[in-house]
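Visitor: I am new to this structure and should be grateful for a guided tour. May I put my questions one at a time?

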Amino acid sequence: QVQLVESGGGLVQAGGSLRLSCGASGSIFSINLMGWYRQAPGKQRELVATMSSAGNTNYADSVKDRFTISRDNAKNTVYLQMNSLKPEDTAVYYCYAIVTRNSRSGQYPYWGQGTQVTVSS
C-alpha cells in the first residue's frame, strides 16, 4: 500500500505565501510523477503542478510564475511553494503520485487526503 500525507495548508492573506509538503510511504519501487491538484467548493478538481522523476514540470496557467513545485526523490516528497496568493487560490489541495510498487507492476495513481488553503481578501 502507498500513503500520501500532506501538510502546510492554512489561512493566509492575499499576497502571502504558503509551502505545502507531501510525503509518500509504503510499498514503492519508484514514483514516476508527483504533484498537486486542487478543488474549490462546487468546482472540479484541477491540476496545479506536477513534476516527473526526471524533473519535468507542468503548471496550470493560473499559477505559473507564482507557484513552484519541487521534489526530493530520496525522501519521496514533493513540495509546493505558493507565493503571491490570491483569494481564487482558495481550495483543498491534494497531493498526487503515480507509483510503481514493484519491478513487475504497472503504474497506479494515489491521492492524499487533502489540505485546506484559504486566502483571505
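Visitor: Where is the place of G112?

Guide: This is a predicted model, in which local features need pLDDT of at least 70, side-chain atom pairs count only at pLDDT 80 or more, and totals for chains, interfaces and linings use all residues. Residues are numbered from 1 along each chain as its sequence is written, and side-chain values use heavy atoms, with hydrogens and water left out. Strands are DSSP runs of E with at least two residues, and helices are runs of H or I with at least four, numbered from the N terminus. On that basis, G112 is found in the loop between β10 (107-111) and β11 (115-120).

Visitor: Is G112 buried or exposed?

Guide: Buried means under 20% relative accessible area, exposed over 50%, and partly exposed in between (1.4 Å probe, protein chains only). The relative accessible area of G112 is 11%, so the residue is buried.

Visitor: With which residues is G112 in contact, leaving aside its neighbours within four places in sequence?

Guide: Contact means heavy atoms within 4.5 Å. G112 and E6 are 106 residues apart in sequence, yet 6.5 Å apart in space, C-alpha to C-alpha. With the neighbours within four places set aside, the contacts of G112 are L4, E6, Y94 and C95.

Visitor: Which residue does the disulfide join to C95?

Guide: A disulfide is a pair of cysteine sulfur atoms within 2.5 Å, and the structure holds one. C95 lies in strand β9 (residues 91-100), and its partner lies in strand β3 (residues 18-26), 73 residues apart. Both cysteines are buried. With an S to S distance of 2.0 Å, the residue joined to C95 is C22.

Visitor: What is the handedness of the disulfide, given its torsion about the S-S bond?

Guide: The torsion about the S-S bond of C22 and C95 is about -85 degrees. The disulfide is therefore left-handed.

Visitor: How many strands does the protein have?

Guide: The elements run β-β-β-β-β-β-β-β-β-β-β from the N terminus on. There are zero helices, and the number of strands is eleven.

Visitor: What is the radius of gyration of the protein?

Guide: The radius of gyration is taken over C-alpha atoms, and the globule rule is 2.2 Å times the number of residues to the power 0.38. For 121 residues that rule gives 14 Å, and the protein is close to this value, so it is as compact as a globular protein of that length. The radius of gyration itself is 14 Å.

Visitor: Which element gives the most to the largest nonpolar core?

Guide: A nonpolar core is a set of buried Ala, Val, Leu, Ile, Met, Phe, Trp, Tyr and Cys residues joined through side-chain atoms within 4.5 Å. The largest such core has 30 residues, of which W36, L80, M82 and Y93 touch the most other members. The elements that give two or more residues include β1 (2-7), β5 (46-52) and β8 (77-82). With five residues, the element that gives the most is β9.

Visitor: Why might oppositely charged side chains be found in pairs?

Guide: Side chains of opposite charge can pair when their charged atoms come close. Here a salt bridge is a side-chain nitrogen of Lys or Arg within 4 Å of a carboxyl oxygen of Asp or Glu. By this rule, the number of salt bridges comes to three.

Visitor: Which residues do salt bridges that share partners join into one network?

Guide: R38 meets E46 at 2.8 Å, N to O, and R38 also meets D89 at 2.9 Å, N to O. A further salt bridge pairs R66 with D89, where the closest N and O atoms are 2.8 Å apart. R66 is in the loop between β6 (57-59) and β7, whereas D89 is in the loop between β8 and β9, 23 residues apart. The network thus consists of R38, E46, R66 and D89.

Visitor: Which member of this network is partly exposed?

Guide: R38 is buried, with a relative accessible area of 6%, and R66 is buried at 11%. D89 is buried too, with a value of 0%. At 37%, the partly exposed member is E46.

Visitor: Which residues does T50 touch, not counting residues up to four places away in sequence?

Guide: T50 is in strand β5 and is buried, with a relative accessible area of 6%. Beyond four places in sequence, T50 touches L33, M34, G35, N56, T57, N58 and I69.
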